[in-house]
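Good morning, everyone, and thank you for making room for me today. I would like to walk you slowly through one small example, so please keep the picture in view while I talk.

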Amino acid sequence: MLLTHEAFKDAPEWVESVAVDEDSYLWGYAVGTLFLSIDDNGDKWIANFGKSVCLGNEYDTTDWKQSAIDRE
């Protein structure tokens with residue numbers, strides 16, 4: 001499944017950004033993409049602070065390191 005802004009439809013209201021990890025999981029973050037980075041293992045996005053939640057899986061992992069998007 002391709003990541004689009006449709007991913008925010010079922011996300012909690014506090015989710016400000018979403019990103020796909022190397023294993024195809026979609027994560028929602030309480031911060032914007034400006035405050036996200038790739039973790040030390042190089043396999044997922046992490047928030048520099050704030051909470052996160054798994055929102056699903058089976059997302060397209062092609063170019064996952066460029067997948068982070070902000071809520072519009």
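Of the 72 residues of this protein, 31% count as buried, and I should say at once that what you are looking at is a predicted model. The accessible surface comes to about 4600 Å², and 46% of that surface belongs to carbon and sulfur atoms. If you follow the C-alpha trace along its principal axes, it spans about 30 × 25 × 15 Å.

Let me turn to the secondary structure, which comes to zero helices and six strands, so that reading from the N terminus on, the elements run β-β-β-β-β-β. The radius of gyration is 11 Å, close to the 11 Å that the globule rule gives for 72 residues, and therefore the protein is as compact as a globular protein of that length. When we take the contacts between residues at least 6 apart in sequence, 52% of them join residues at least 24 apart.

Now to the sheet. Four strands form an open sheet in the order β5-β2-β1-β6, and their pairing is antiparallel. Why do β5 and β6 each have one side without a neighbour in the sheet? These two strands, residues 52–56 and 69–70, stand at the edges with a single partner strand each, and so one side of each is left without a neighbour.

Within that sheet, strand β1, which covers residues 17–20, is joined by four bridges to strand β2, which covers residues 26–29, and the two run antiparallel. You can find this pairing in the picture by looking for Val-18, which stands opposite Gly-28 in β2, and for Val-20, which stands opposite Leu-26 in β2. On to the next pairing: β2 is also joined to β5 by four bridges, again with the strands running antiparallel, and here the bridge partner of Gly-28 is Val-53 in β5. Gly-28 is therefore a helpful landmark, because it stands opposite Val-18 and is also bridged to Val-53.

As a general point, the side chains in a regular strand alternate between the two faces of the sheet.

One residue of β2 that I would like you to find is Tyr-29, which counts as buried at 2% relative accessibility. Leaving out residues up to four places away in sequence, Tyr-29 touches a long list of others, among them Trp-14, Val-18, Leu-36, Trp-45 and Lys-51. By contrast with those contacts, the C-alpha atoms of Tyr-29 and Leu-2, which are 27 residues apart along the chain, are separated by 18 Å. Two of the residues that Tyr-29 touches, Trp-14 and Lys-51, also have an arrangement of their own, in which the charged end of Lys-51 sits over the ring of Trp-14, 4.4 Å from its centre.

Next, the hairpin of β1 and β2, which has five residues between the strands, and in which Ser-24 takes a positive phi near 80°. Is Ser-24, in this loop between β1 and β2, buried or exposed? Its relative accessible area is 15%, and it is buried. Setting aside its neighbours within four places in sequence, Ser-24 is in contact with Gly-56, Asn-57, Glu-58, Tyr-59 and Thr-61. Asp-23 lies in that loop between β1 and β2 as well, but with 49% relative accessibility it counts as partly exposed. Asp-23 is eleven residues from Leu-34 in sequence, and their C-alpha atoms are 22 Å apart in space.

The loop between β5 and β6 holds Glu-58, one of the residues in contact with Ser-24. Glu-58 has a positive phi of about 70° although it is not a glycine, and at 59% relative accessibility it counts as exposed. Asp-63, also placed in the loop between β5 and β6, has a positive phi of about 60° without being a glycine, and it counts as exposed at 54%.

Finally, let us go to the segment after β6, where Glu-72 lies. Glu-72 is exposed, with a relative accessible area of 80%. How far apart are the C-alpha atoms of Glu-72 and His-5, which are 67 residues apart along the chain? They are separated by 7.7 Å.

Key
Residues are numbered from 1 along each chain as its sequence is written. Side-chain values use heavy atoms; hydrogens and water are left out. Two strands pair if DSSP finds at least two bridges between them. A charge sits over a ring if NZ of Lys or CZ of Arg is within 6 Å of the ring centre and within 35 degrees of the ring normal. The radius of gyration is taken over C-alpha atoms; the globule rule is 2.2 Å times the number of residues to the power 0.38. Buried means under 20% relative accessible area, exposed over 50%, partly exposed in between (1.4 Å probe, protein chains only). Contact means heavy atoms within 4.5 Å. Accessible areas come from the Shrake-Rupley method with a 1.4 Å probe; for residues, only the protein chains shown count as cover.
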